[in-house]
Amino acid sequence: MEFWWLALIIWIVAIALVIAAFSLRNKRKLSMQILFCLSLFLLLFKTVEFSTYRIINRPSYPVEFSHISYFVLGAAMVSGIKKMRSFAGLCSLASGFGFLVAATAAPSSIYNDTSSIYSMIVSISQHLILLFAGVLLVFSFDKYSIK
């Protein structure tokens, strides 16, 4: 485990985000505003990213589960369809937790598979935002929230 420190940093940030999500779970309006902003940002960022790949003639398609989760989360939160939120939360939670497992099992692949430090930080940030959004969405629902 050559890059154990990277896994440690990822876990520290993830734990802080989960604690933040749990502290926001009873503040419904603030939670939804934060989720809307994060979801809109991810949706726009990933749309521009994949469009740019297409424009520069290096087509890349969103085929990984986490790529699909960015769009599902963005579509659910930006469109305001309440029945999609639980699915978006589960997708986000699964993607974020899967990234944590991968970062723990093979942190060197996260470090070595990126083209630059910037892309590594962006990748880690996006997956941790998915984890935060998933925890916030899944654990903030009460029995009256989905209509």
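Select K46 to start; in this predicted model, K46 sits in helix α2, which covers residues 28–55. Is K46 buried or exposed? With a relative accessibility of 3%, K46 counts as buried, because the cut-off for that class is under 20%. Now show the residues around K46. Apart from neighbours within four places in sequence, K46 is in contact with H67, Y70, F71 and Q126.

Next, go to F99. F99 belongs to helix α4, residues 82–105. Like K46, which has 3% relative accessibility, F99 is classed as buried, here with a relative accessible area of 9%. Which residues does F99 touch, once neighbours within four places in sequence are set aside? They are I10, I110, I124 and H127. Add V122 to the selection and draw a distance between the C-alpha atoms: F99 and V122 are 13 Å apart in space, and 23 residues apart in sequence.

Two of the residues in contact with F99, I10 and I124, lead to the next stop, since I10 in α1 and I124 in α6 also appear where those two helices meet.

Colour α1, residues 4–24, and α6, residues 117–140. The axes of α1 and α6 come within 9 Å and cross at roughly 30°. An angle under 35 degrees counts as roughly parallel, so α1 and α6 fall into that class. The crossing is right-handed.

To see the side chains at this crossing, show L6, I10, V13, A14, L17, V18, A20, A21, F22 and L24 on α1. On α6, show M120, I124, L128, L131, F132, V135, L136 and F139. What classes of residue make up the contact of α1 with α6? There are 18 nonpolar residues, no polar ones and no charged ones.

Stay on α1 for the last stop and select W5 together with Y111. A search of the whole structure finds six aromatic pairs. In the pair of W5 and Y111, the ring centres are 6.1 Å apart and the planes stand at 75°, so the pair is edge-to-face. W5 lies in α1 and Y111 in helix α5, residues 107–112, so the pair ties together parts that are 106 residues apart in sequence.

Are these two residues buried, exposed or in between? W5 is partly exposed, with a relative accessible area of 34%. Y111 is also partly exposed, at 29% relative accessibility. Finally, add F3 to the selection: F3, W5 and Y111 form one aromatic cluster.

Terms used
Residues are numbered from 1 along each chain as its sequence is written. This is a predicted model: local features need pLDDT of at least 70, side-chain atom pairs count only at pLDDT 80 or more; totals for chains, interfaces and linings use all residues. Side-chain values use heavy atoms; hydrogens and water are left out. Rings of Phe, Tyr and Trp (its six-membered ring) pair if their centres lie within 6.5 Å; planes under 30 degrees apart count as stacked, over 60 as edge-to-face and the rest as tilted. Helices (H or I, at least four residues) and strands (E, at least two) are DSSP runs, numbered from the N terminus. Buried means under 20% relative accessible area, exposed over 50%, partly exposed in between (1.4 Å probe, protein chains only). Contact means heavy atoms within 4.5 Å. Axes are lines fitted to C-alpha atoms, for helices over the stretch in contact, and angles run from 0 to 180 degrees between N-to-C directions. Angles under 35 degrees count as roughly parallel, over 145 as roughly antiparallel, 65 to 115 as roughly perpendicular and the rest as oblique. A crossing is left-handed if the near helix is turned anticlockwise from the far one by less than a right angle, and right-handed if clockwise. Ala, Val, Leu, Ile, Met, Phe, Trp, Tyr, Cys and Pro count as nonpolar, Asp, Glu, Lys and Arg as charged, and the others, Gly among them, as polar.
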